[in-house]
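Work through the exercises below with the sequence and the structure side by side, and try each task before you read its solution.

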Amino acid sequence: MGMDLPIAAIDPSLVSTGVCYGTSSEDWTVQCCGSKSVSDSIMDRVRRYEVLVGKILGILETVRPRLILIEAYAYSKNMGGQMYLGEFGGILRWNLTDYTPHIIEVAPTTLKKFATEKGNAPKDVVMAHVAKRYGQVFANNDEADSFVMFQMALCITGRQKPATEPQREAVATVLSGHSSTAEQIAEFCSGGDKPF
């Protein structure tokens, strides 16, 4: 006990899933896992999900995170795209349970509130706030969002403190939907055997 084990954050996207993982604000990595659509047939869709999930699990298999934050589903007018993202998201979440019991969904509005203090901020504003607050510039919003959720995970595990009241509120919102407390998660992420 007492060692900081890896934690991870995932922003699912069929085009460019962002995965941020590490142990602290100084020890982290962001990777992007992409895929391309061939057709809308069931077989092609399943192959696409299989390849993309395989890339993500390839990272997690090495990292073995004790806590995973994942962006929750966000619905838009593009129902076809949302259906495919839902299919992929379900398969991904199913596979994530092999790594930890602590998989917590983060609503897009909560992620934005943590990053910008406003839950309705556009994606480019989130990226601008990440650049200003953390000095990090990412290639796309999926990478930036995974980084923001990683910062939330650091707060949940007590490895850093929320910098603002909106950040504290966002962390509390995320934890309110999980069965374990921040203290229990922190203990598990520091080498504790009990998953809670």
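**Exercise 1.** Decide whether Arg45 is buried or exposed in this predicted model, and then find where Arg45 lies.

*Solution.* Begin with the relative accessible area of Arg45, which is 14%. A residue counts as buried when this value is under 20%, and therefore Arg45 is buried. Next, place the residue along the chain: Arg45 belongs to helix H1, which covers residues 42-63. Finally, look for its partners, leaving aside the neighbours within four places in sequence: Arg45 is in contact with Ser39, Asp40, Met83, Tyr84 and Glu87.

**Exercise 2.** Describe how strand E5 pairs with strand E4, and state which residues form the covered face of E5.

*Solution.* First locate the two strands, E4 at residues 68-71 and E5 at residues 103-106. They pair in the parallel sense, over 4 bridges, and within this arrangement Glu71 stands opposite Val106 of E5. Then sort the residues of E5 by face: Ile104 and Val106 make up the covered face, whereas Ile103 and Glu105 make up the uncovered one.

**Exercise 3.** Characterise the largest pocket by its space, its central residues and the make-up of its lining.

*Solution.* Start with the volume, since the largest pocket holds about 430 Å³ of space. Among the 25 residues that line this pocket, Asp11, Pro12, Glu71, Leu85 and Lys123 are the closest to its centre. Now ask which helices take part: H2, H3, H4 and H5 each supply at least two residues of the lining, and H2 gives the most, with 5 residues. Lastly, divide the lining by residue type, which yields 11 nonpolar, 6 polar and 8 charged residues.

Key: Residues are numbered from 1 along each chain as its sequence is written. This is a predicted model: local features need pLDDT of at least 70, side-chain atom pairs count only at pLDDT 80 or more; totals for chains, interfaces and linings use all residues. Side-chain values use heavy atoms; hydrogens and water are left out. Buried means under 20% relative accessible area, exposed over 50%, partly exposed in between (1.4 Å probe, protein chains only). Contact means heavy atoms within 4.5 Å. Two strands pair if DSSP finds at least two bridges between them. On a 1 Å grid over the protein atoms alone, a cavity is a set of points where a 1.4 Å probe fits but cannot get out, and a pocket is an open set with protein on both sides within 12 Å along at least five of seven lines; lining residues have an atom within 4 Å of a point. Grid points are joined across faces, edges and corners, and a volume is the space filled by probe spheres set on the points. Ala, Val, Leu, Ile, Met, Phe, Trp, Tyr, Cys and Pro count as nonpolar, Asp, Glu, Lys and Arg as charged, and the others, Gly among them, as polar.
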